[in-house]
Amino acid sequence: MAVPGKSYGDYAVVLKAMRLGEADRIVTLMTAEHGKIRAVVKGVRKTSSHFGARTEITTHLRVQCWRGRDLHTLTQVEVVDAFRAVREDLDRFSQAMAMLDAVDQIAQDGQEFPALYAMLVRALAVLDSTGSPLVAPSFFWKLLALDGSSPMLSACAGCGKPESEGLLVAFDFAQGGVLCEACQRGRKLSAPGTLDLIRRILQGQLRTVLFEPLSPDAAEMSRLAVDAMEAHVGRSLRSCHTGLVQPALRDSGQVP
Amino acid sequence: MIYSQSVQALIEELGHLPGIGPKSAQRLAFHILRIPEPDARRLAAAIVDVKERTTWCTRCWNISDGPLCDFCLAPERDPTLLCVVEDPRDIVAVERTGGFSGRYHVLHGAIDPIGGIGPEQLRVKELLARLEPEGVTELIVCTNPNLEGEATAMYLARLIRPLGITVSRPASGLPVGGDLEYADEVTLGRALEGRRAMEA
């Protein structure tokens, strides 16, 4: 924990930014050692600012901060990775925004969560290099597991009936996962391979999932990921509902 | 109450203005108390006037005193060249360069998914409706060079390029008078990509 009035160094990803006064900005950072913090970046909106584009959202930074009473102040920054492909491609950008939004909801102010930071950095790097439309949905499933909320996938979350004894036909995160015909509520499962995809993501086969061709399974897995994450954080993730749907999914007719 | 009711009311109202704290509000209120009455009346009339007369231009969504703003009414401005900006204040910044003779379109924001602002919340439909009737051949997307501005530019390019209209973006690079040592990696990278051959 940073001591008030002391300078400290850390690694961080910029989650969001808001304007402050004439030329300053408050950035929300997911740091490696200090959890989620909010810091003032003075004069950053002036063209002569030495911070420049370094404190833009999604950037992975090495930072030096001064802890004030309420807010931290960013004094030095060095870019570790600017994730340029994320900045310059609308599909990657919209996925990155969804991931940052979810992390912002899950991380608590000032509470260390190094695994969350590390997972976010890895996910942004994968998104930057592959551009797969399944990075953000897969990240949501992994994030739920990291936060201790893995859904039940092999047996009915309502009555406990295993998959081998009957079809699992619906998914409701609030109920704990998949549901059998008798217990069904929430979203009805329509694609046969959806549950298998989620299992592969959660069982360490993410690489193979990311390079899967787009299919009804992938589209349904993506929709369920958003539903589950929204149920977990208890609010709508605005970044997932701004009309910037992945065109690859949209064009294949998989997204309503 | 420390001050009379009218002075207190003025301080409170001034305190609602952006960037004005209680101390500044008090200073401004006492300045207004000291200035001659005609000056104070002119200030009050200007505030009332701007609220009564000002509206949005129905074509470009700039601030206007009538249905169409001065830029849309000016016959000498090139209608085939359209500059898209986020905010009416950005028009002033572009105009100060003296290098643009086309018309404008104000989006009133930029795409910000985390803030819940998507294309639907911007004046994009109004922009699309202008392109054909006005014979636009080039769209200069002059949104801010930050992540939200870039995303907005990418979105517009994806939407408008298929219509056969050139979509361009102002060059980004190093600020004149700055030190190379302090330039960030993204800006310097783009400046190098967009380098120009020097004339002899």
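This is a short dialogue on reading a predicted model with chains A and B.

Trainee: Where do I start with chain A? How many helices and strands are there?

Mentor: Start with the secondary structure. Chain A has eight helices and eight strands.

Trainee: What does the radius of gyration say about chain A?

Mentor: Compare the value with the one for a compact globule. For 256 residues, that would be near 18 Å. Chain A has 20 Å, which agrees. Its C-alpha atoms fill a box of roughly 65 × 40 × 30 Å along the principal axes.

Trainee: And chain B? Which pattern does it follow along the sequence?

Mentor: Chain B has eight helices and six strands. Along the sequence the pattern reads α-α-α-β-β-α-β-α-β-α-β-α-β-α. Now apply the globule rule again. For 200 residues it gives 16 Å, but chain B has a radius of gyration of 22 Å, so chain B is more spread out than a compact globule. The box for its C-alpha atoms is roughly 65 × 50 × 40 Å.

Trainee: Into which domains is chain B divided?

Mentor: Domain 1 covers 5-53, and domain 2 covers 63-197. The C-alpha centres of these two domains of chain B lie 35 Å apart.

Trainee: What share of each chain is buried?

Mentor: In chain A, buried residues make up 53% of the 256 residues. In chain B, 36% of the 200 residues count as buried. Look at the surface too. Chain A exposes about 11,300 Å², with 49% of it from carbon and sulfur atoms. Chain B exposes about 12,500 Å², and there carbon and sulfur atoms supply 57%.

Trainee: How do I read contacts by their spacing in sequence? What share joins residues at least 24 apart?

Mentor: Take the contacts between residues at least 6 apart in sequence. In chain A, 59% of these join residues at least 24 apart. In chain B, the share is 48%.

Trainee: What is the general idea behind a nonpolar core?

Mentor: In soluble globular proteins, nonpolar side chains tend to be buried together.

Trainee: Which residues touch the most other members of the largest core here?

Mentor: Leu120(A) and Trp141(A), in a core of 82 residues. Helix H2 (residues 90-106) of chain A gives the most to this core, with 10 residues. Another core, of 19 residues, lies apart from it. Val14(A), Ile37(A), Val41(A) and Val44(A) are among its members.

Trainee: What does Trp141(A) touch?

Mentor: Leave aside residues up to four places away in sequence. Trp141(A) then touches several residues, including Pro151(A), Phe171(A), Ile198(A), Leu202(A) and Met221(A).

Trainee: Let me try a polar residue. Is Arg54(A) buried or exposed?

Mentor: First place the residue. Arg54(A) sits in the loop between strand S3 (36-41) and strand S4 (60-67) of chain A. Then check the accessibility. Arg54(A) counts as buried because its relative accessibility is 10%, and the cut-off for buried is under 20%.

Trainee: Which side chain makes a polar contact with Arg54(A)?

Mentor: That of Glu185(B), at 3.4 Å between the two side chains. Arg54(A) also touches residues of both chains, among them Thr59(A), Leu61(A), Tyr182(B) and Asp184(B).

Trainee: Where does Thr187(B) lie, and what does it touch?

Mentor: Thr187(B) lies in helix H8 (residues 185-193) of chain B. Its side chain makes a polar contact with the side chain of Asp184(B), at 2.6 Å. Beyond four places in sequence, Thr187(B) touches Ala53(A), Gly173(B) and Leu174(B).

Definitions and conventions: Residues are numbered from 1 along each chain as its sequence is written. Chains are lettered from A and ligands numbered from 1 in the order in which they are written. This is a predicted model: local features need pLDDT of at least 70, side-chain atom pairs count only at pLDDT 80 or more; totals for chains, interfaces and linings use all residues. Side-chain values use heavy atoms; hydrogens and water are left out. Helices (H or I, at least four residues) and strands (E, at least two) are DSSP runs, numbered from the N terminus. Buried means under 20% relative accessible area, exposed over 50%, partly exposed in between (1.4 Å probe, protein chains only). A polar contact is a pair of N or O atoms within 3.5 Å; within protein, one must be able to donate a hydrogen and the other to accept it, and residues adjacent in sequence count only if both atoms are side-chain atoms. Contact means heavy atoms within 4.5 Å. A nonpolar core is a set of buried Ala, Val, Leu, Ile, Met, Phe, Trp, Tyr and Cys residues joined through side-chain atoms within 4.5 Å. The radius of gyration is taken over C-alpha atoms; the globule rule is 2.2 Å times the number of residues to the power 0.38. Accessible areas come from the Shrake-Rupley method with a 1.4 Å probe; for residues, only the protein chains shown count as cover. Domain bounds come from an automatic or database domain assignment.
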